[in-house]
Amino acid sequence: RDLHSFPTRRSSDLAMGLDKYAPPGSYNGIVAAAQVGFESCIGIPKFTSDGVAVEFHDDGNISSAMAQTDGSAIPSADDKPISQLTYDELMQYSIGSPVDSVFADAKILKIDDFFRICAETGMRPIFSIHSADAPTDAEWQTLKTMADKYGLTKYLSVKFGGRSPSIVGQVINTFGNGGLYSLILLYAGDDSTAISDRISTLVNTYGLDTSKTRLDCEFFEADVFADSTSAWQQAQIASARSAGYTVSAVLDSGSGATTDGIRDLMNLGVTEFTDFRMYSLGLNW
């Protein structure tokens, strides 16, 4: 694996690994996660105003997760959503300086580079699609071309929210049934539609064939055990498991993710876990 050829690599950064909380979606973050045993990483594809596909984890303006390389704020004139800035404009700023000054030279990744790093490290890529920035049909084709380039299409998963089912139609139109590793239905605490009804919509409205396309269901740990949502959430986990779907969970951030919490999730049938840094580990990949 050609880990040495990527231009922003700094061996001192990699040596610090996750202990220095390398920014999610950065070269350093993905490599460090692979080194400590994570098996997949999540990217959120967005397109710049000049049509470059980049990975950016936050919604809204870029100041939510970027700053100048010295750590100072982005000028208000440039503090816009990804879609309103060119790639060259984005490259003036750092995704690392808001995390730690040692990562000040970390720049936003192109999706092409995201796939390349996944291929180099053996990490399986997962796209998390936010409805506000969902790719167009043409942009999905661009993303597929990149995945094909690195031989990762059959390893790619696409995660989407329950209130954005039309994304499944776009994915099937682009990749076909069975063309990806899986689709992941993310189930938020304020969802009020049963898993079985969600899946019925995906099948009947958007043509999902679950005999060809693996469907996983993901929950937030905080919702699964919150007083106000636990009964409903745990019932949906049971429903997903009884239907034969794999269940994953997003762990609470920082110290909120505990061994007991993971054990409790496993007792409910959860077998795959995503940590708050956007890296995943599964017991049955």
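This is a short tour of a predicted model, stop by stop, with selections to make in the viewer.

**Stop 1: strand β1**

Select β1, residues 40-43. S40 and I42 point one way from the strand, while C41 and G43 point the other way. All of these residues are buried. As background, side chains in a regular strand alternate between the two faces of the sheet.

Now add the neighbours. β5 covers residues 124-129. It runs parallel to β1, and four bridges join the two strands. To find the register, pick I42: it stands opposite I126 in β5.

Next add β11, residues 279-282. This strand runs antiparallel to β1, with two bridges between them. Here the bridge partner of C41 is Y279.

**Stop 2: F38 and Y279**

Stay on Y279 and show its ring together with that of F38. The two form a tilted aromatic pair, 6.1 Å centre to centre, with 50° between the planes. F38 lies in the loop between α2 (27-35) and β1, whereas Y279 belongs to β11, so the pair ties together parts that are 241 residues apart in sequence. Y279 is buried, at a relative accessible area of 1%.

**Stop 3: F114, F115 and F127**

The structure holds six aromatic pairs. For another of them, select F114 and F127. This pair is stacked, with 6.3 Å from centre to centre and 25° between the planes. F114 sits in helix α4 (residues 111-121) and F127 in strand β5, so a helix and a strand are tied together by residues 13 apart in sequence. F114 is buried, with 0% relative accessibility. F127 is buried too, also with a relative accessible area of 0%. Add F115 to the selection: ring pairs link F114, F115 and F127 into a cluster.

**Stop 4: the cysteines**

Which cysteine sulfur is nearest to that of C41? Show C118: its sulfur is 3.4 Å away, and C41 is in no disulfide. A disulfide needs the two sulfur atoms within 2.5 Å, so this distance does not qualify. For the structure, the count is zero disulfides. C41 is buried, with a relative accessible area of 1%. Select C217 as well: this cysteine is buried, at 0%.

**Stop 5: the sheet β2-β3-β4**

Select β2 (45-47) and β4 (109-110), then β3 (residues 53-55). These three strands make an open sheet in the order β2-β3-β4, with antiparallel pairing. β2 and β4 stand at the edges, each with a single partner strand, so one side of each has no neighbour in the sheet. Three bridges join β2 to β3. For a landmark on that pairing, pick K46, which stands opposite V54 in β3.

Then show K110 and Y87. K110 lies over the face of the Y87 ring, at 4.8 Å from the ring centre.

**Stop 6: helix α7**

Finish with α7, residues 195-206. How far apart are its end C-alpha atoms? They are 16 Å apart, which agrees with the 16 Å expected for 12 residues at 1.5 Å a residue.

Colour I195, R198, I199 and L202: these residues of α7 are buried. They cover an arc of only 95° around the axis, which puts them on the same side of the helix. Now turn the view. On the other side of α7, N204 and T205 are exposed.

Notes: Residues numbered from 1 in each chain as written. Predicted model: local features only at pLDDT ≥ 70, side-chain atom pairs only at ≥ 80, totals over all residues. Heavy atoms only, no water. Phe/Tyr/Trp six-rings, centres within 6.5 Å; stacked < 30°, edge-to-face > 60°. Buried < 20%, exposed > 50% of the residue type's maximum accessible area, 1.4 Å probe, protein only. Lys NZ or Arg CZ within 6 Å of the ring centre and 35° of its normal. Pairing = 2+ DSSP bridges. Expected span 1.5 Å × (residues − 1). Arc of directions from axis to C-beta.
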